[in-house]
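Biologist: Before we talk about details, could you bring up the chain so that we can go through it together, one question at a time?

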Amino acid sequence: WQVNNAYTPCRIFKNISYGNIGITNNPYVNELFENMLVYDNDPIQLFYKSIAARDSAYLDTEKHKYLMNEVRTKHTYLNRIEYILKCLPE
């Protein structure tokens with residue numbers, strides 16, 4: 001359902017903000033993060049890609065630091081509230 005309806009679950013933001021690898025089978029979630037997540041639409045391939053990412057130096061890369069910064073600066077509740085307030089008329 002999440003893939004078919006372009007739904008972005010909150011757990012991807014939580015996982016990245018906690019320093020974990022962003023893993024998804026949802027192309028819309030991967031696109032939101034500039035195609036920088038571990039992604040595959042096939043669950044079996046996603047599993048193997050996830051294991052490979054875990055075993056690599058992925059967590060020490062600039063890419064992962066960039067993703068953590070993106071979550072911190074763009075995807076917190078406060079960021080969302082601020083965005084909504086900007087959209088409201090004076």
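Biologist: Which element gives the most to the lining of the largest pocket?

Modeller: This is a predicted model, and in it the largest pocket is lined by C10, F13, K14, S17, Y18, H75, T76, Y77 and R80. Two helices, α1 (11-17) and α5 (77-87), each supply at least two residues of that lining. The element that gives the most, with three residues, is α1.

Biologist: What is the volume of the largest pocket, and how do the residues of its lining divide into nonpolar, polar and charged?

Modeller: The lining, which includes F13, K14 and R80, divides into four nonpolar, three polar and two charged residues. As for the space that the largest pocket offers, its volume comes to about 250 Å³.

Biologist: How much accessible area do the residues of the nonpolar patch on the surface have together?

Modeller: The patch is formed by Y77, L78, I81, Y83, I84, L85 and L88, and one of these residues, Y77, also belongs to the lining of the largest pocket. Taken together, the residues of the patch have an accessible area of about 860 Å².

Biologist: Is L78, as one residue of that patch, buried or exposed?

Modeller: L78 has its place in helix α5, and its relative accessible area is 67%. Since the cut-off for exposed is over 50%, L78 counts as exposed.

Biologist: In what order do the elements of the chain run from the N terminus on?

Modeller: The chain holds five helices and two strands, and its C-alpha atoms fill a box of roughly 50 × 30 × 15 Å along the principal axes. Of its 90 residues, 28% count as buried. Read from the N terminus on, the order of the elements is α-β-α-β-α-α-α.

Biologist: What is the phi of A6, and what is the phi of N35?

Modeller: Most residues other than glycine have a negative phi. A6, which lies in the segment before α1 and is partly exposed at 37% relative accessibility, has a positive phi although it is not a glycine. N35 likewise has a positive phi without being a glycine, and it is found in the loop between α2 (27-32) and β2 (38-39), where it is exposed with a relative accessible area of 54%. The values are about 55° for A6 and about 60° for N35.

Biologist: Which residue meets D40 in a salt bridge, and is D40 buried or exposed?

Modeller: Side chains of opposite charge can pair when their charged atoms come close, and the structure holds five salt bridges. In one of them, the side chain of D40 meets a lysine at 2.9 Å, taken from N to O. D40 has 13% relative accessibility and, because the cut-off for buried is under 20%, counts as buried, whereas its partner is partly exposed at 38%. The partner of this buried aspartate is K49.

Biologist: What is the distance from N to O in the salt bridge of R54 and D55?

Modeller: R54 is exposed, with a relative accessible area of 53%, and D55 also counts as exposed, at 54% relative accessibility. Their side chains meet in a salt bridge, with an N to O distance of 3.0 Å.

Biologist: Where do K65 and E62 lie, and how far apart are the closest N and O atoms of their salt bridge?

Modeller: Both K65 and E62 lie in helix α4 (residues 62-74), where they are three residues apart, about one turn of the helix. K65 is partly exposed, with a relative accessible area of 47%, while E62 is exposed, with 59%. The closest N and O atoms of this salt bridge are 3.6 Å apart.

Biologist: What distance separates the C-alpha atoms of Q2 and Y28?

Modeller: Q2 lies in the segment before α1 and is partly exposed, with a relative accessible area of 28%. Along the chain, Q2 and Y28 are 26 residues apart. In space, their C-alpha atoms are separated by 9.5 Å.

Key
Residues are numbered from 1 along each chain as its sequence is written. This is a predicted model: local features need pLDDT of at least 70, side-chain atom pairs count only at pLDDT 80 or more; totals for chains, interfaces and linings use all residues. Side-chain values use heavy atoms; hydrogens and water are left out. On a 1 Å grid over the protein atoms alone, a cavity is a set of points where a 1.4 Å probe fits but cannot get out, and a pocket is an open set with protein on both sides within 12 Å along at least five of seven lines; lining residues have an atom within 4 Å of a point. Grid points are joined across faces, edges and corners, and a volume is the space filled by probe spheres set on the points. Helices (H or I, at least four residues) and strands (E, at least two) are DSSP runs, numbered from the N terminus. Ala, Val, Leu, Ile, Met, Phe, Trp, Tyr, Cys and Pro count as nonpolar, Asp, Glu, Lys and Arg as charged, and the others, Gly among them, as polar. Patches are made of residues with over 30% relative accessible area and no salt bridge: like charges are joined within 9 Å, nonpolar side chains (Val, Leu, Ile, Met, Phe, Trp, Tyr) within 5 Å. Accessible areas come from the Shrake-Rupley method with a 1.4 Å probe; for residues, only the protein chains shown count as cover. A salt bridge is a side-chain nitrogen of Lys or Arg within 4 Å of a carboxyl oxygen of Asp or Glu. Buried means under 20% relative accessible area, exposed over 50%, partly exposed in between (1.4 Å probe, protein chains only).
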